[in-house]
Amino acid sequence: MPRDRRDYYYRKARKEGYRSRAAYKLKQISERFNLINKGSTVVDLGASPGGWCQIARELSGGKVVGVDILPINEIEGVETIKGDIRLDSTIETIRGLIKKEGADVVLCDAAPNLSGSWSYDHARSIDLATSALLCARKILKPGGGFAVKVFQGDMFPDFLNKVRGYFEKVQAFSPQASRKQSAEIYVIGKQLINDAVKLNEVYTVTIEDVGADGDGIAKIDDFVVFVKRGKVGETLKIRIRDVKTRFGFGEIIP
Ligand SMILES: C[S@@+](CC[C@H](N)C(=O)[O-])C[C@H]1O[C@@H](n2cnc3c(N)ncnc32)[C@H](O)[C@@H]1O
């Protein structure tokens, strides 16, 4: 009898109507990190047969987009894309389906077909996870969250550091539903750091509005920057003095 058929989570998934035992991994990740909230827009990369999409839809009730090179049978309330997550064209198709503001959460449980060679499978898993990170940076809202599967190996610490460069809080996590002998681990990133605007850099901006405190409001690639003494309509040179998750502060360079 295949190992899966004796497995607790396999039987539980069958009983509870989930398409994969992996569904429980996402449930445990989301519970632990408070990743998917009511109304979250979620993009699930490497989503077939669809267990994570089912959980994402249950938790958010909002827009869920599943992407895979394999077909995903219809799931109520979930939109699907057949495509390779490593291609720009797939990311553009995802962008077309989510609202202009972007996704709240990007998930990736994608895995290469296993060759049996540990180092080769590890390298391909890192390649997929790196593509997922790139996609997350392109489609997440500032402050958005990310969870990605990686097979452990010598490139893992570098990958973890890379994720640390883009999210304020990053942690590696093994959900209970992962098999004890599995090489997989999940990297969870919370609060995507905006990288359109850099501290101490100089930008030329136009003041579009005025905030409640009377500061001018400008946008750099959709990122809001408050500019003291900036007046609507003025085009100014500013230096970025502080960067928060969702906005920054700039001062006028005379
Ligand atoms: C472990 S399964 C995902 C299971 C899913 N989370 C669930 O709960 O049903 C991994 C998936 O990654 C997909 N995958 C692998 N490489 C991919 C790629 N380059 N682009 C899109 N999907 C990919 C595979 O086709 C496979 O369906």
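Asparagine 34 counts as exposed in this predicted model, with 9 C-beta neighbours inside 10 Å. The residue is placed in the loop between helix 3 and strand 1, just after the end of helix 3. Its phi is near 50°, a positive value in a residue other than glycine.

Helix 3 itself, which spans residues 23-33, contributes a set of buried positions: Ala23, Tyr24, Lys25, Leu26, Lys27, Ile29 and Ser30. Two lysines, Lys25 and Lys27, are thus found among the buried residues of this helix. The partners against which these buried residues pack include two helices, namely helix 2 (8-16) and helix 4 (51-60). The buried residues of helix 3 also pack against strand 4 (103-108), strand 5 (140-151), strand 6 (167-173) and strand 7 (184-192).

The overall organisation of the chain was examined next. The secondary structure comes to seven helices and 13 strands. The chain is divided into domain 1, covering residues 3-192, and domain 2, covering residues 202-252. The centres of the two domains, taken over C-alpha atoms, are separated by 35 Å. Along the principal axes, the C-alpha atoms fill a box of roughly 75 × 40 × 30 Å. Of the 254 residues in the chain, 38% are buried. Among contacts between residues at least 6 apart in sequence, 54% join residues at least 24 apart.

The ligand is surrounded by 22 residues, of which the closest are Ser20, Ala22, Gly46, Gly51 and Asp109. By class, this shell has twelve nonpolar, five polar and five charged residues. A further backbone feature is located in the loop between strand 1 (42-45) and helix 4, where proline 49 lies. The peptide bond from serine 48 to proline 49 is cis, and its omega is near 5°.

A helix pair was also analysed. Two packed helices are described by the angle between their axes and the distance between the axes. The axes of helix 6 (residues 118-139) and helix 7 (residues 156-164) come within 11 Å and cross at roughly 5°. Because this angle is under 35 degrees, helix 6 is roughly parallel to helix 7. On the side of helix 6, the contact is made by Ile126, Ala129, Thr130 and Leu133, and on the side of helix 7 by Phe159, Lys162 and Val163. The residues of this contact divide into five nonpolar, one polar and one charged. An α-helix has 3.6 residues a turn, so residues three or four places apart point the same way. The residues that helix 6 brings to the contact include Ile126, Ala129 and Leu133.

Serine 115 is placed in the loop between strand 4 and helix 6. This serine is exposed, with 10 other C-beta atoms within 10 Å. Residues up to four places away in sequence not being counted, serine 115 touches Tyr120 and Asp121. The C-alpha atoms of serine 115 and lysine 12, which are 103 residues apart along the chain, are separated by 29 Å.

Several positions were characterised in the region of strands 11 and 12. Valine 227 has its place in strand 11 (residues 223-227). With 23 C-beta neighbours inside 10 Å, valine 227 counts as buried, because the cut-off for a buried residue is 20 or more. When its neighbours within four places in sequence are left aside, valine 227 is in contact with Ile207, Asp215, Gly216, Ala218, Leu236, Ile238, Gly250 and Ile252. One of these contacts, aspartate 215, is twelve residues away along the chain, and the C-alpha atoms of the two residues are separated by 5.5 Å.

The loop between strand 11 and strand 12 (235-243) holds arginine 229. Arginine 229 has a positive phi of about 65°, although it is not a glycine. With 12 C-beta neighbours inside 10 Å, arginine 229 counts as exposed. Valine 232 also lies in the loop between strand 11 and strand 12 and is exposed, with 11 other C-beta atoms within 10 Å. Leaving aside its neighbours within four places in sequence, valine 232 is in contact with Ile207, Glu208, Asp209, Val210 and Gly216. The C-alpha atoms of valine 232 and alanine 218, 14 residues apart along the chain, are separated by 9.0 Å.

Key. Residues numbered from 1 in each chain as written. Predicted model: local features only at pLDDT ≥ 70, side-chain atom pairs only at ≥ 80, totals over all residues. Domains from an automatic or database assignment. Near = placed C-beta within 6 Å. Nonpolar A, V, L, I, M, F, W, Y, C, P; charged D, E, K, R; others polar. Helix = DSSP H or I, 4+ residues; strand = E, 2+ residues; numbered from the N terminus. Contact = placed C-beta atoms within 7 Å. Axes fitted to C-alpha atoms, helices over the stretch in contact; angles between N-to-C directions. Parallel < 35°, antiparallel > 145°, perpendicular 65-115°, else oblique.
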